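Please examine the structure shown below together with its sequence. The paragraphs that follow lead through it step by step.

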Amino acid sequence: MKIIKKFFRKILMKMPKGVAHKILYYKMTGKKLNLKNPQDLNEKLQYLIVYKYRKKYGELADKYLVRNFVKKRGYEDILPKIYGVYNSIEEIDYDNLPNKFVIKPNNGSGGIFVCRDKKNLDFKNAKKSLKKSLKENFAEMYLEYHYSYIKPKIICEEFLEDKENDLPLDYKFYCFDGHVECLLLCSERSYKMRADYFDINWHPIDYSKKEYQSNKVHNKPKNFDKMLEIASALSKGFAFVRVDLYNIDGKIYFGEMTFTPSSGVLHRNTQKSLDYLGSLLDVAKVKKE
């Protein structure tokens, strides 16, 4: 089955982009993709993937190179500490790493390996997981072409320890050229991830389908206004980008910038939310760039 799926994606990569995306979009959603007059957020993200996103966006999607962009925008202080950057698994010197750390590839959305105690680290399993992640062709997997410009590397950075949660809460800000519209709070990421949306005044908004909501009360994080400032500053100049941040007891950390959340098919969202968010993304303006 995996071989057939991989072969199918390779064929799609060789097709004209518009045709390939219409096929993949229908396969993933059961809906026809309208690239001539895209309406909701999913359709407009597909439009951007087909006609806009190339090398520049690949560099910003690169979890290592994007750090230079964050520095240039004046927010070096929110970057997690880097312990090492490697071209291969064999280069990693575990003896020189601290007791707690995170290892992740720079070229995808998964493959993150969290080490809470180096003494109990399963090195064999870690290497296996990382090798698999480095081999994955993210550009080919879901036709996100800008990922093809990323040279695969392994990043080792500090472990962000949240005493209240198994993994830090993930604050994902939906931004439209410097305007922060809302944020997605991802919790319980070690189990079955929960997805709750809030507006910029920290009022819950019903953008996630019921089965994905946590049904919990989440308190507004400390320095929330600062998070909004950072998300706005980093997103300025981009028609759409999701800026991911962490907040550990008021200390803000940068996560990543994502131009194609869920590969441009946000399946956890209600159609009403996709229609509204899509109305904020001006494709006509992008066409003129």
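Strands β9 and β10 form a hairpin with two residues between them, and Asp249 in the turn has a positive phi of about 55°. Helices (H or I, at least four residues) and strands (E, at least two) are DSSP runs, numbered from the N terminus. The model is a predicted one, in which local features need pLDDT of at least 70 and side-chain atom pairs count only at pLDDT 80 or more, while totals for chains, interfaces and linings use all residues. Residues are numbered from 1 along each chain as its sequence is written, and side-chain values use heavy atoms, with hydrogens and water left out.

The two strands of the hairpin pair in the antiparallel sense over seven bridges; two strands count as paired if DSSP finds at least two bridges between them. Within this pairing, Val243 stands opposite Met257 in β10. On the other hand, strand β5 (residues 170-176) is joined to β9 by five bridges, and these strands run antiparallel. Here Lys172 has Asp244 of β9 as its bridge partner.

These strands belong to an open sheet of six strands with antiparallel pairing, in the order β8-β7-β6-β5-β9-β10. The edge strands, each pairing on one side only, are β8 (204-205) and β10 (251-258). At the β8 end, two bridges join β8 to the antiparallel strand β7 (residues 194-199), and Phe198 has Pro204 as its bridge partner in β8. In general, strands of a sheet pair through backbone hydrogen bonds, either parallel or antiparallel.

How many residues of β9 are buried? Eight of its eight residues are buried, where buried means under 20% relative accessible area, exposed over 50%, and partly exposed in between (1.4 Å probe, protein chains only). Val241, Val243, Leu245 and Asn247 lie on one side, and Arg242, Asp244, Tyr246 and Ile248 on the other. Asp244 counts as buried because its relative accessibility is 1%. Leaving out residues up to four places away in sequence, Asp244 touches Asp170, Tyr171, Lys172, Tyr253, Phe254, Gly255, Glu256 and Thr258; contact means heavy atoms within 4.5 Å.

Leu245 leads to the interior of the model. The largest nonpolar core has 63 residues, and Leu245 is among those with the most contacts inside it, together with Phe173, Tyr174 and Phe254. A nonpolar core is a set of buried Ala, Val, Leu, Ile, Met, Phe, Trp, Tyr and Cys residues joined through side-chain atoms within 4.5 Å. Another core, of 15 residues, lies apart from it and includes Tyr94, Phe113, Cys115 and Leu134.
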